[in-house]
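Hi everyone, thanks for making time for this. Have a look at the structure on the screen while I talk you through a few parts of it.

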Amino acid sequence: MTEEQPRKLSRTETHDLSMIIRDRTKVLRAHAEEQAAACLADFESQMATVYTFDQDEVWKKATEEAHRVVSDSQKTIAKRCKELGIPASFAPSISASWQGRGENMLAARRNELRRVARASIDAMTKAAITKIEKQALDLRTQVVGMGLLSPDAKLFLESLAPVEESMRALDFGEIERKLEKEQQLRLADRRRLYGGD
């Protein structure tokens, strides 16, 4: 019994497969752009998060303790001001407040973080698109050059890797570390330029 030779793709099949590969490539590119937008939106959401003192039991306890200490200290300051004859309206005071955003409450800091995040997302998007285009070209070349068999065509079409392999969520800490490294390099450059180091 001899094995039957598989039928080669016709010119029409080769053309149709190439067109489908091109169309799928466009969709995957669009998906990469969508993933990039989602990454940036997620980053903005992380950066805009405002933490309240009472959303964590440890934070709540520490804040209440700080307010108690400040209140006691303010009484001590007021008593001393009275002894020194300082009118209450001119008396110094002490206070404590909860900052729910840390450094991210500063617009300049948010702008720096955004710049680094956008650069990282842009790099990931370009890498994903390059990978998609390379795979699409490889598939089209195989379809045309090797004359794929119809039963195998689906395997080739399904072999385009998902964009998620190249696109990952941003690590907020990683963005901060990149920014800190850039700032240290700029500071070192200034020191060299002005002879401080």
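I'll go through one helix, then some salt bridges, then some aromatic rings.

Before we start, keep in mind that this is a predicted model.

Okay, helix H5. H5 runs over residues 172–194, which is 23 residues. How far apart should its ends be? At 1.5 Å a residue, H5 should span 33 Å, and its end C-alpha atoms are indeed 33 Å apart, so the two agree. Some residues in H5 are buried: Phe172, Gly173, Ile175 and Leu179. Then, just after H5, you get Gly195, which takes a positive phi of about 75°.

Now for the charged side chains. How many salt bridges does a search of the whole structure find? It finds 14. I'll pick out a few of them.

One is between Arg109 and Glu180, with the closest N and O atoms 3.3 Å apart. Arg109 sits in helix H3, residues 107–146, while Glu180 sits in H5, so this pair ties together parts that are 71 residues apart in sequence. Are the two partners buried or exposed? Arg109 has 8% relative accessibility, and because the cut-off for buried is under 20%, Arg109 counts as buried. Glu180, with a relative accessible area of 32%, is partly exposed.

The next salt bridge stays inside one helix. In H3, Lys134 and Asp138 are four residues apart, so about one helical turn separates them. Why does that spacing matter for direction? An α-helix has 3.6 residues a turn, so residues three or four places apart point the same way. The side chains of Lys134 and Asp138 meet at 3.0 Å, N to O. Lys134 is exposed, at 52% relative accessible area, and Asp138 is partly exposed at 33%.

Back in H5, we find that spacing again: Glu182 and Arg186 are four residues apart, about one helical turn. Their side chains form a salt bridge too, with 3.9 Å from N to O. Glu182 has 27% relative accessibility and counts as partly exposed. Arg186, at 33%, counts as partly exposed as well. This pair also belongs to a network: salt bridges with shared partners join Glu112, Arg115, Glu182 and Arg186.

Last topic, the aromatic rings. The structure holds two aromatic pairs. Tyr51 and Trp59 make an edge-to-face pair, with 5.8 Å centre to centre and 80° between the planes. Tyr51 is partly exposed, with a relative accessible area of 38%, and Trp59 is partly exposed at 32% relative accessibility.

Then there's Trp59 with Trp98. Their ring centres are 5.5 Å apart and their planes sit at 45°, so this pair is tilted. Where do the two residues lie? Trp59 is in helix H2, residues 57–84, and Trp98 is in the loop between H2 and H3, so to speak on distant parts of the chain, 39 residues apart. Trp98 is partly exposed, with a relative accessible area of 33%.

Put those together and Tyr51, Trp59 and Trp98 form one aromatic cluster.

If you'd like one thing to look for on the screen, try the salt bridge between Arg109 and Glu180, which ties a part of H3 to a part of H5. Thanks, that's me done.

Notes:
Residues are numbered from 1 along each chain as its sequence is written. This is a predicted model: local features need pLDDT of at least 70, side-chain atom pairs count only at pLDDT 80 or more; totals for chains, interfaces and linings use all residues. Side-chain values use heavy atoms; hydrogens and water are left out. The expected span of a helix is 1.5 Å times one less than its number of residues. Buried means under 20% relative accessible area, exposed over 50%, partly exposed in between (1.4 Å probe, protein chains only). A salt bridge is a side-chain nitrogen of Lys or Arg within 4 Å of a carboxyl oxygen of Asp or Glu. Rings of Phe, Tyr and Trp (its six-membered ring) pair if their centres lie within 6.5 Å; planes under 30 degrees apart count as stacked, over 60 as edge-to-face and the rest as tilted.
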